Amino acid sequence: MVELLTSLSPAPRRPSPTPAAPRRGPPPRGRAYSPRGVTLRTATVADAAPGADDYHSTIRSLNSSGRHVPRKSLGQNYMLNSKVNEELAAAGGGGGGVEEGDVVLEIGQGTGSLTAALLEAGATVFAVEKDKHMATLVKDRFGSTERLKVIEEDITKFHIRSHFLPFMKEKYHNTTKRAKVVSNLPFNVSTEVVKLLLPMGDIFSVVVLMLQDETAARLADSSIQTPEYRPINVFVNFYSEPEYKFRVDRENFFPRPKVHGAVISFKLKNAEEYPPVGSPKSFFSMVDSAFNGKRKMLRKSLQHLCSSSEIEAALHKIGLPVTARPSDLMLDDFVRLHSHLVEV
């Protein structure tokens, strides 16, 4: 007999009739990193009220789908806290979050706990789910609504412009309104999905994702001259305005991961708001090359593009020392450096 999920993991403590006040402020030293100036909101299972997506109903849903064990290879960690789902939906846009009539792309919807919050907010949801069992479960759960479309596909192979864009235009009646992305993302595809979505400012106005806490903090903080500063920070700030929203303790997930989660939002820029580079492909190729030798001076790491003397001259023109390293340059510095090197 196949062992059911109820025996795989102990249930989290039952929520009290009156939910505990959410803990605010940074986590204790050593527990989680937070970007400078960010006030963290830590969500816990104690915040949740009993409802359709608590621990026990999640277990029942998984058992009923025929999938008895969440698949680690797919990064499946299901959300147990309905309040976190509500706050994810609330983070999806301006002051009001996801609103009536919004079209939302959800990636990896799992048992549909976040899907329920998005539908409750009045959105039309386009869900892309790689696991066929979970796709079937959510189709069955929300079969009566016309505001949900579930596609069984790997988001990293899914052509958004070919398949999602026509759906969005139909729902928006060909207006210029943009869609939103709100997702409790499988942790193992986070960076790949960020790189996929952020250049799509013509389709999406905001991208709100649940990521690993350390990843979210690193993407939101673009401070130079730090060990965390990498090409992805330049990429994120080129295409968006990132904001760390709040941390979610790991006990809110099933199965419980080894790390905490966090919600981050990216307000996407329109093409006319991008920094002025002639070719983004050429620009990011230069940035990647610069960081390939992170401790090297740029006059060394970019030698395949120009001579050392030409790189030194370009650095001097933009007001940087000829001994500058990639961790010394902000986005605008890289843009100006690229401009001068292209001229050479």
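**Exercises on Arg-147 and the salt bridges**

Arg-147 is placed in the loop between helix H4 (132-141) and strand S6 (148-152), where helices (H or I, at least four residues) and strands (E, at least two) are DSSP runs numbered from the N terminus. The model is predicted: local features need pLDDT of at least 70, side-chain atom pairs count only at pLDDT 80 or more, and totals for chains, interfaces and linings use all residues. Residues are numbered from 1 along each chain as its sequence is written, and side-chain values use heavy atoms, with hydrogens and water left out.

**Exercise 1.** Describe the surroundings of Arg-147.

*Solution.*
1. Arg-147 has 30% relative accessibility and therefore counts as partly exposed (buried is under 20% relative accessible area, exposed over 50%, partly exposed in between; 1.4 Å probe, protein chains only).
2. Leaving aside residues up to four places away in sequence, Arg-147 touches Leu-119, Gly-122, Ala-123, Thr-124 and Val-125 (contact: heavy atoms within 4.5 Å).
3. The Arg-147 side chain reaches the backbone oxygen of Leu-119 at 3.2 Å.

**Exercise 2.** Determine what the salt bridge between Lys-130 and Asp-154 ties together.

*Solution.*
1. A salt bridge is a side-chain nitrogen of Lys or Arg within 4 Å of a carboxyl oxygen of Asp or Glu; Lys-130 and Asp-154 form one at 3.6 Å, N to O.
2. Lys-130 lies in the loop between strand S5 (124-129) and H4, and Asp-154 in the loop between S6 and helix H5 (160-171), so the pair ties together parts 24 residues apart in sequence.
3. Lys-130 is partly exposed at 46%, whereas Asp-154 is buried at 15%.

Methods: Polar contact = N/O pair within 3.5 Å; in protein donor to acceptor, adjacent residues only side chain to side chain.
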